[in-house]
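Here are my comments on the model, as numbered points. Please read them with the coordinates open.

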Amino acid sequence: MARPKVRITHAEEFSAAHRLYSPHLSEAENKALYGPCFHHHGHNYRVEVTVQGPVDAQTGMVMNLNDLMDIMRTEIWEHVDHKHLNEEVPFLQGIIPTAENLAIVFWQRVQACQDRLGSGRLYCVRVVESRDNFVDYYGETA
Ligand code: NI
C-alpha cells in the first residue's frame, strides 16, 4: 500500500518595496491600470512554500522543515528582504513584480533545490501581499 502523502508548509516574511509598471503600456495606461500601485510603495509579504510527499518511516517526516526554511532563506528571503524588487533583485530584473510573478519566480528557485526536498515534491508557493490579497502557484502540472 502506498504511504500516505502529507503536505507540509514553511512560511517566511519579508518587507520590500516595489511599483507596478508594464513596459508594454503607456504612462497613462500604467497609471489607469495599476492605480496607487503605479507609485513606489511597500508590502510586508508572506511566502508559504508547501511540499508534498510520503511520511518517512524512520523520521516520521516528509522532509526536515529546517531544510525547507534554509532553502527559503537562502533562495528567497536573503535576496528580497528590505530590497526594492524592481531595482535591487537580479533574478527579478525585467519582471513586473506582481504577487503572481513573485510566486512563479520563487517556485523556480525552490524547484532548483529539488534534490534537497527529500522524497517530497514542491506542491505550492503562496505569496501573501496584504491581508486581503494572496496568490497561489502550483507549477505547470497542477
Ligand atoms: Ni504593491
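**Notes on the fold, the core and the metal site**

1. Core. This is a predicted model. Its largest nonpolar core holds 32 residues. The residues with the most contacts inside this core are V47, V49, V80, L85, F106, V125 and V127. Two or more residues come from each of β1, β2, α2, α3, β4 and β5. Helix α3 gives the most, with seven residues.

2. One core residue up close. What does L85 touch, leaving aside neighbours within four places in sequence? The contacts are A16, A17, H18, Y45, V80, L92, P97 and L102. Two of these come up again below: H18 is a donor of the nickel ion, and L102 is among the buried residues of α3.

3. Overall layout. The chain has three helices and five strands. Along the sequence they follow the pattern β-α-β-α-β-α-β-β. The C-alpha trace spans about 60 × 25 × 25 Å along its principal axes. Of the 142 residues, 41% count as buried. Take the contacts between residues at least 6 apart in sequence: 67% of them join residues at least 24 apart.

4. The sheet. In what order do the five strands lie? The order is β3-β1-β2-β4-β5, in an open sheet with mixed pairing. The edge strands are β3 (83–84) and β5 (133–137), and each pairs on one side only. Strands of a sheet pair through backbone hydrogen bonds, in a parallel or an antiparallel sense.

5. Pairing, strand by strand. β3 runs parallel to β1, with two bridges between them. There, A16 stands opposite K83. β1 and β2 are antiparallel and share 14 bridges. β2 is also antiparallel to β4 (residues 121–130), through seven bridges. β4 and β5 are antiparallel too, with five bridges. A hairpin of two residues connects β4 to β5.

6. A row across three strands. Follow R126 in β4. On β2, the residue opposite R126 is E48. On β5, R126 stands opposite D136. These pairs are worth displaying together when checking the strand register.

7. Nickel site. Which protein atoms act as donors to the nickel ion? They are NE2 of H18, NE2 of H41 and NE2 of H43, lying 2.0 Å from the ion. Along the chain the donors follow the spacing H-x22-H-x1-H. H18 lies in β1 (residues 5–18) and H41 in β2 (residues 41–54), so this pair ties together parts that are 23 residues apart in sequence. H18 and H41 are also bridge partners.

8. Exposure of the donors. Are H18 and H41 buried or exposed? H18 has 0% relative accessibility and counts as buried. H41 is partly exposed, with a relative accessible area of 21%. The cut-off for buried is under 20%, so the 21% of H41 falls outside that class.

9. Helix α2. Residues 65–80 form α2, which packs on the sheet. This helix touches β1, β2 and β3. Its direction makes about 20 degrees with that of β1.

10. Helix α3. Residues 99–111 form α3, which lies across β1, β2, β4 and β5. The helix runs at about 145 degrees to β4. With 13 residues, α3 reaches 18 Å from its first C-alpha to its last, close to the 18 Å expected at 1.5 Å a residue.

11. Which residues of α3 are buried? They are A99, L102, A103, V105, F106, W107, R109 and V110. An α-helix has 3.6 residues a turn, so residues three or four places apart point the same way. The buried residues of α3 pack against β1, β2, α2, β4 and β5. F106 also appears among the residues with the most contacts inside the core.

12. The loop after α3. R116 sits in the loop between α3 and β4. R116 is partly exposed, at 35% relative accessible area. Not counting residues up to four places away in sequence, R116 touches M63, D67, D70 and I71. M63 is 53 residues from R116 along the chain, and their C-alpha atoms are separated by 8.7 Å. D67, D70 and I71 fall in the range of α2, residues 65–80.

Conventions
Residues numbered from 1 in each chain as written. Predicted model: local features only at pLDDT ≥ 70, side-chain atom pairs only at ≥ 80, totals over all residues. Heavy atoms only, no water. Donors = N, O, S within 2.8 Å, 3.2 Å for Na, K, Ca; no water. Helix = DSSP H or I, 4+ residues; strand = E, 2+ residues; numbered from the N terminus. Buried < 20%, exposed > 50% of the residue type's maximum accessible area, 1.4 Å probe, protein only. Pairing = 2+ DSSP bridges. Contact = heavy atoms within 4.5 Å. Axes fitted to C-alpha atoms, helices over the stretch in contact; angles between N-to-C directions. Core = buried A, V, L, I, M, F, W, Y, C linked by side-chain atoms within 4.5 Å. Expected span 1.5 Å × (residues − 1).
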